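New to this one? Take a look at the model below, and then let's walk through it piece by piece.

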Amino acid sequence: MDAFYASVEWLRYPQLKGLPMVIGGGRRREDDLIGRLNAERPERAWTAEHLAEIPVDWFPLLKDYVGRGVITTATYPARQFGVGSAMGLMKAAKLCPQAILLPVDFDEYRRFSRAFKTVVRDIAPVMEDRGVDEVYIDFTEVPGGQREGGRVLARLLQKSIFDATGLTCSIGVAPNKLIAKMASEFNKPNGISIVHETDLQPLIWPLPCRKINGIGPKADEKLQGHGIRTVGDLAARERPWLVQHFGKAYGAWLHDAAWGRDERPVVTESEPVSMSRETTFDRDLHAVHDRAELGAVFTQLCEQVAGDLQRKGYVGKTIGIKLRFDDFKIATRDTTVAEHTQDARRIRQVAGQCLKRVPLERRLRLLGVRVGSLVKVGEAPPPEALPLFE
DNA sequence: TCTGGGGTCCTAGGACCC
DNA sequence: TCTGGGGTCCTAGGACCC
């Protein structure tokens, strides 16, 4: 989906199109535009029906933000000031103070996510969910899927999604997921790009390695250290050399990826492995000095995870915590218990034991609670009886 | 006044079992 | 008396993705 979060926001706030805008951070008091308008302009009754009529100068600005949020989306006019994804909002505010700041409204994005995926599945049922704004589709078997190399079906998908949601998307058509993902970037927004095997050399090899889904900042830096900048550079390396420097599995995968080889199927169904909740504090907290505050947040996180498990019908038996210290170092601890659970008090109890295994001299920036080794409720095996004697 | 939240997968060492 | 060879599970950390 093209600029997904921003596009969803423009559907209800079309008056913000073309303006520098940043989405990030949580909901703040000043984000209640309807409430503020009713308080200060009571001559008319403002409701959620009037979102498109809210004057632009009523929207909160980036310069008034206080907190530790980061940018999830920045529109093009904002990016021209040097702000971008993952940047701290406070830092972004210095670069582009006049940008409008909208809170992340994940519920709303999920609604549109479900809507566009329903459209896709109705046309091409072999669809793999890749998060809120992305899917892989195998339309090998879809009637008409091969017409014009897939372009006809891609156009149908775009039109159907737009008619149902008002949102545009970009589609890459290729022999496998690896290339399709790269192809989808070629013609943004609202574009279609068809890449054949024979296009590997002219279209894929000139790209920076970082464009390959699976090569992140660390691997890219290491590759650059060896003078490997483009996919073509990578393809030119012998497979054994890559294995020697990047390990058996990753080295071999790098070689395959550079040559456009990818046999992964489109996976239509999967079970969750873990569920977690975490929160970054407004200020760093100390285990002793801020014990009460920390304890309350800890309990709340356990309740949220338990609520998620219950709502979705899962139980887990690996319970763990995540800490981020003021120096940004991360520690995790987990424990596997005999019986699967979705109970907040049990999770809190086990997670509390985990917490005791971490040195807590430094102040904490983040606390998280995770439950893993999930199975569906009712499918949990009975706990194994411990043999007392043999 | 730096640096979110929710995930998956991989690695590597150690325990433990047969 | 100089020490097997699998295999699985658990734990901690880290890379990567959306």
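In what order do the three strands of the open sheet come? They run β2-β1-β3, and the pairing among these strands is mixed. Bear in mind as you read on that this is a predicted model.

**The sheet and its helix**

With that order, β2 (71-74) and β3 (100-102) end up at the edges. Each of these two has a single partner strand, so one side of β2 and one side of β3 are left without a neighbour in the sheet. Going from one strand to the next, the twist averages 25°. For anyone who hasn't met sheets before, strands pair through backbone hydrogen bonds, in either a parallel or an antiparallel way.

Zoom in on β1, which covers residues 21-24: three bridges join this strand to β2, and the two run antiparallel. If you'd like one pair to look for, pick Val22, whose bridge partner in β2 is Ala74. Then there's a helix to add to the picture: α1 (residues 4-12) packs on the sheet and touches β1, β2 and β3. The direction of α1 makes about 110° with that of β1.

**Around the DNA**

Now for the DNA strands. There are 23 residues around DNA strand B, and those that come nearest are Arg68, Gly88, Ala249, Val273 and Thr280. Two elements give two or more residues to this surface, namely α4 (89-95) and β8 (274-285). The largest share is from β8, with seven residues.

DNA strand C has 21 residues around it, and here Gly131, Gly216, Lys218, Ala219 and Thr336 come nearest. This time the elements that give two or more residues are α9 (217-225) and β10 (330-341). Which of the elements gives the most to the surface near DNA strand C? That would be β10, with seven residues.

Here is how the residues near each DNA strand divide by class:

| Surface | Nonpolar | Polar | Charged |
|---|---|---|---|
| near DNA strand B | nine residues | eight residues | six residues |
| near DNA strand C | six residues | eight residues | seven residues |

**Two helix pairs**

Let's finish with some helices that cross. Helix α11 (residues 239-246) and helix α12 (residues 248-258) have axes that come within 7 Å and cross at roughly 140°. That angle makes α11 oblique to α12. The crossing is right-handed. On the α11 side, the contact is made by Arg239, Leu242, Val243, His245 and Phe246, while α12 brings in Lys248, Tyr250, Gly251, Ala252, Leu254 and His255. Sorted by class, this contact of α11 with α12 has six nonpolar, three polar and two charged residues.

The other pair is helix α13 (residues 291-312) with helix α14 (residues 344-355). Their axes come within 8 Å, and the crossing angle is roughly 130°. Are α13 and α14 parallel or oblique to each other, then? They're oblique, and α13 and α14 cross in a right-handed way. To find the spot where they touch, look in α13 for Thr299, Cys302, Glu303, Val305 and Ala306, which meet Ala344, Ile347, Arg348 and Ala351 in α14. The contact of α13 with α14 is made up of six nonpolar, one polar and two charged residues.

Note on methods
Residues numbered from 1 in each chain as written. Chains lettered and ligands numbered in written order. Predicted model: local features only at pLDDT ≥ 70, side-chain atom pairs only at ≥ 80, totals over all residues. Near = placed C-beta within 6 Å. Helix = DSSP H or I, 4+ residues; strand = E, 2+ residues; numbered from the N terminus. Nonpolar A, V, L, I, M, F, W, Y, C, P; charged D, E, K, R; others polar. Pairing = 2+ DSSP bridges. Axes fitted to C-alpha atoms, helices over the stretch in contact; angles between N-to-C directions. Contact = placed C-beta atoms within 7 Å. Parallel < 35°, antiparallel > 145°, perpendicular 65-115°, else oblique. Left-handed = near helix turned anticlockwise from the far one by under 90°.
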